[in-house]
Amino acid sequence: MKAILLSVNPEQVANIFNGKQTIIIRKTMPRCELPIKVYVYCTKDGYLHLEDEGHWSYSRDQKYTYKRHGKVVAYFTLRKAERCINPYFPKCSFATKTILYEELLSKSCLTEEGFCEYINKGSRGYVWYVSDLVIFNKPKELSNFGVIVETIHYRAYQAIKRPPRSWRYVEELE
């Protein structure tokens with residue numbers, strides 16, 4: 001089944017797991033029918049840990065890792081994605097057709113500077129809405145995901161060896 005593999009840094013993963021970050025900003029948007037399952041790959045630039053009271057936090061200190069960095073740690077359903085306005089016009093009354101600029105910054109856990117830095121001047125940005133989040137008890141390896149490679153002579157499943165820089169379409173190996 002077609003899905004998306006999304007690379008997310010550990011700090012954002014902690015915010016998503018805690019329910020603080022409910023939207024993700026990306027420079028591109030999937031060109032597929034929604035809803036679609038989105039697998040969350042936690043990048044290796046930091047560590048996640050689960051505190052006693054069920055709160056996720058982020059650290060650069062290796063002693064707190066639970067081997068969740070460099071793994072697929074969760075999935076959510078992408079039911080809605082929409083285009084943002086150009087971030088260099090923050091005085092506009094909206095950031096998308098349905099969400100105000102301040103709310104977009106709050107729900108994405110970004111500062112205005114961070115948002116503008118990520119979405120370069122004149123570039124498009126897209127809001128991906130996180131819904132129905134499922135956190136894996138045991139993270140999955142990248143090798144559990146792959147792509148279908150088709151040529152004139154054959155069709156084969158090829159496991160993914162490297163995470164995407166932002167996101168890519170994948171098939172999950174059941």
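Is Tyr-169 buried, partly exposed or exposed? Select Tyr-169 in this predicted model and color by accessibility: at 26% relative accessibility, the residue counts as partly exposed.

Keep Tyr-169 on screen and add Trp-167. The two ring centres are 5.2 Å apart and the planes stand at 90°, so this is an edge-to-face pair. Trp-167 has a relative accessibility of 16%, so this residue counts as buried, the cut-off for that being under 20%. The pair is one of 8 aromatic pairs in the count.

Next, pick Tyr-39, Tyr-75, Phe-136 and Phe-145 together. Ring pairs tie these four into a cluster. Now bring in two lysines. Lys-37 lies over the face of Tyr-75, with 4.3 Å to the ring centre. Over at Phe-136, the charged end of Lys-140 sits above the ring, 5.0 Å from the centre.

Time for some backbone. Jump to Pro-35, in the loop between β2 (23–26) and β3 (36–42). Show the bond that leads into Pro-35 from Leu-34: this peptide is cis, with omega near 10°.

Two stops remain, both for phi. Cys-109 is in the loop that runs between α2 (101–108) and α3 (112–118). Its phi is near 60°, a positive value in a non-glycine residue. With a relative accessible area of 27%, Cys-109 is partly exposed.

Finish on Asp-132, which you'll find in strand β7 (residues 126–140). Here phi is near 55°, again positive in a residue other than glycine. Asp-132 is partly exposed, at 44% relative accessible area.

How values were computed
Residues numbered from 1 in each chain as written. Predicted model: local features only at pLDDT ≥ 70, side-chain atom pairs only at ≥ 80, totals over all residues. Heavy atoms only, no water. Phe/Tyr/Trp six-rings, centres within 6.5 Å; stacked < 30°, edge-to-face > 60°. Buried < 20%, exposed > 50% of the residue type's maximum accessible area, 1.4 Å probe, protein only. Lys NZ or Arg CZ within 6 Å of the ring centre and 35° of its normal. Helix = DSSP H or I, 4+ residues; strand = E, 2+ residues; numbered from the N terminus.
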